[in-house]
Amino acid sequence: MLVFLFFLVLTNSPERLEGLKFTRQLFHKFIDTLEIKCNWKPEQIFLFGFSSGGSCALDIGLTYSKRLGGVVSISGSLLNEQLNLKNNWISTSAQNTPFLITHGTLDEVEEIGVAKSKVNLFISFFFLKKSKHFKLIKN
């Protein structure tokens, strides 16, 4: 198992989206290297992240050019800046990658209502309703 620690720039910073894009490029190159030099299949690679790491995992899973094994985001969501973009930055392979997004009701960084609205946008904006790997579980 390989673990990376990285941090996004603080909320409300104009560099936040650029930091995410930089992280995305690093991970795309890393996954490509695993495939080419280590013979790992992308569909056997899973991304997991908590908080800002979950945000990065979602972004990488949505933008990587091939289907991944899965993406798990714990208390991480898409950035507000991403929600304002057109969906042309999303890979068509994202429809075939399984995603698990969870969020606690007592999260002090992002309230559960905001997180739920972002998940609903995730579903509609990224048209994952068509994905056989996507299921929305509400409590």
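**A friendly note on this predicted model**

1. Let us begin at the sheet. Strand β2, which covers residues 70-74, runs parallel to β3, and 4 bridges join the two. One place to look is Ser73, which stands opposite Ile101 in β3. Please keep in mind as you read that this is a predicted model.

2. Now step back to the whole sheet. It is open and contains 3 strands in the order β1-β2-β3, with parallel pairing. At its edges are β1 (46-50) and β3 (99-102), each of which pairs on one side only. Neighbouring strands are turned against each other by 5° on average, direction ignored. As general background, strands of a sheet pair through backbone hydrogen bonds, and the pairing can be parallel or antiparallel.

3. Which strands does α2 touch as it packs on the sheet? The helix touches β1, β2 and β3, and its direction makes about 150° with that of β1.

4. With the sheet in view, the overall layout is easy to follow. The protein has 4 helices and 3 strands. Read from the N terminus, these elements come in the order α-β-α-β-α-β-α.

5. Next, the interior. The largest nonpolar core holds 18 residues, and Ile31, Leu47, Leu62 and Val71 are those with the most contacts inside it. Both α1 (16-38) and α2 (52-63) supply at least two residues of this core. The element that gives the most is α2, with 4 residues.

6. Ile31 deserves a look of its own. Leaving aside residues up to four places away in sequence, Ile31 touches Ile45, Ile60, Tyr64 and Leu68.

7. A few totals round out the picture. The protein has 139 residues, and 42% of them are buried. Among contacts with a separation of 6 or more, 70% are between residues 24 or more positions apart. The protein exposes about 8,800 Å², of which carbon and sulfur atoms supply 58%.

8. Finally, the cysteines. How many disulfides does the structure hold? The count is 0. For a newcomer, a disulfide is a covalent bond between the sulfur atoms of two cysteines. Is Cys56 buried or exposed? Cys56 counts as buried because its relative accessible area is 1%, and the cut-off for buried is under 20%. Cys38 has 41% relative accessibility, so it counts as partly exposed, a class that lies between the 20% limit for buried and the 50% limit for exposed.

Key: Residues are numbered from 1 along each chain as its sequence is written. This is a predicted model: local features need pLDDT of at least 70, side-chain atom pairs count only at pLDDT 80 or more; totals for chains, interfaces and linings use all residues. Side-chain values use heavy atoms; hydrogens and water are left out. Buried means under 20% relative accessible area, exposed over 50%, partly exposed in between (1.4 Å probe, protein chains only). Contact means heavy atoms within 4.5 Å. Accessible areas come from the Shrake-Rupley method with a 1.4 Å probe; for residues, only the protein chains shown count as cover. A nonpolar core is a set of buried Ala, Val, Leu, Ile, Met, Phe, Trp, Tyr and Cys residues joined through side-chain atoms within 4.5 Å. A disulfide is a pair of cysteine sulfur atoms within 2.5 Å. Two strands pair if DSSP finds at least two bridges between them. Axes are lines fitted to C-alpha atoms, for helices over the stretch in contact, and angles run from 0 to 180 degrees between N-to-C directions.
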